[in-house]
Amino acid sequence: MAKKITVRPNQSALDMVLETCGTLEGALDIMAANDRSICDNARPGTQYTIPEHAAKDNAVLLYLQQNKVRIGTRN
């Protein structure tokens, strides 16, 4: 079953991808699964489906989780 993530305030699409996958390699998989472009504005509250096959970097995800890092570079 695919995971879903909701865009938070001040997050761009790339912020959401990085926080979800730990790498930007998963961006194209995520955007394709949601019929979106990486250039689209990610509006807060928008849900994206994260496909199982999206590239992940578990070391980065662990670091973000342990340090409670929330990425938000928009604006």
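Me: A surface patch is made of residues with over 30% relative accessible area and no salt bridge, and nonpolar side chains are joined into one patch within 5 Å. Which residues make the nonpolar surface patch here?

Reply: The model is a predicted one. In this model, L14, L24 and I38 make a nonpolar surface patch of about 220 Å². One of these residues, L24, sits in the loop between helix 1 (13–21) and helix 2 (27–33). L24 counts as partly exposed because its relative accessibility is 44%.

Me: Let us turn from the surface to the interior. Which residues of the largest nonpolar core touch the most other members?

Reply: A nonpolar core joins buried residues through side-chain atoms within 4.5 Å. The largest such core has 13 residues, and those touching the most other members are M16, V17, I30, M31, Y48 and I50. Two or more residues each come from helix 1, helix 2 and strand 2 (47–50). The greatest contribution to this core, four residues, is that of helix 1.

Me: How should a helix be read when one asks which of its residues face a core?

Reply: An α-helix has 3.6 residues a turn, so residues three or four places apart point the same way. For the present case, consider the contacts of I30. With neighbours up to four places away in sequence set aside, I30 is in contact with M16, V17, C21, Y48, T49, I50, P51 and A54.

Me: Salt bridges are a further feature to read. How many does the structure hold?

Reply: The criterion is a side-chain nitrogen of Lys or Arg within 4 Å of a carboxyl oxygen of Asp or Glu. The structure holds two such pairs. In one, R8 pairs with E19, with the closest N and O atoms 2.8 Å apart. Because R8 belongs to the loop between strand 1 and helix 1 and E19 to helix 1, this pair ties together parts eleven residues apart in sequence. In the other, the side chains of E19 and R70 meet at 3.5 Å, N to O. Here E19 lies in helix 1 and R70 in the segment after helix 3, so parts 51 residues apart in sequence are tied together. Since the salt bridges share partners, R8, E19 and R70 are joined into one network.

Me: Is E19 buried or exposed?

Reply: The cut-offs are under 20% relative accessible area for buried and over 50% for exposed. E19 counts as buried, because its relative accessibility is 12%. R8, at 25%, is partly exposed, whereas R70, at 60%, is exposed.

Me: What is the place of I71, and which residues are in contact with I71?

Reply: I71 lies in the segment after helix 3 and counts as buried at 14% relative accessibility. Beyond its neighbours within four places in sequence, I71 is in contact with R8, Q11, D15, L18, E19 and L64. By contrast, the C-alpha atoms of I71 and A33 are 22 Å apart, with the two positions 38 residues apart in sequence numbering.

Me: How should the sign of phi be read?

Reply: Most residues other than glycine have a negative phi. Positive values are found here at N10, with phi near 70°, and at D35, with phi near 50°. N10 is in the loop between strand 1 and helix 1 and is partly exposed, with a relative accessible area of 42%. D35 is in the loop between helix 2 and strand 2 and is exposed at 74%. K68, just after helix 3, also takes a positive phi, of about 50°.

Me: Polar contacts remain. What does the side chain of T46 reach?

Reply: A polar contact is a pair of N or O atoms within 3.5 Å. The side chain of T46 reaches the backbone oxygen of R43 at 2.8 Å. T46 is found in the loop between helix 2 and strand 2, and T46 counts as buried at 17% relative accessibility. Residues up to four places away in sequence excepted, T46 touches I5, T6, V7 and R36.

Me: Which side-chain oxygen reaches a backbone nitrogen at the start of helix 3?

Reply: Helix 3 comprises residues 58–66, and at its start a side-chain oxygen of D57 comes to within 3.1 Å of the backbone nitrogen of A59.

Key: Residues numbered from 1 in each chain as written. Predicted model: local features only at pLDDT ≥ 70, side-chain atom pairs only at ≥ 80, totals over all residues. Heavy atoms only, no water. Patch = residues over 30% accessible without salt bridge, like charges linked within 9 Å, V, L, I, M, F, W, Y side chains within 5 Å. Areas by Shrake-Rupley, 256 points an atom, 1.4 Å probe, with all protein chains shown as cover. Buried < 20%, exposed > 50% of the residue type's maximum accessible area, 1.4 Å probe, protein only. Contact = heavy atoms within 4.5 Å. Polar contact = N/O pair within 3.5 Å; in protein donor to acceptor, adjacent residues only side chain to side chain.
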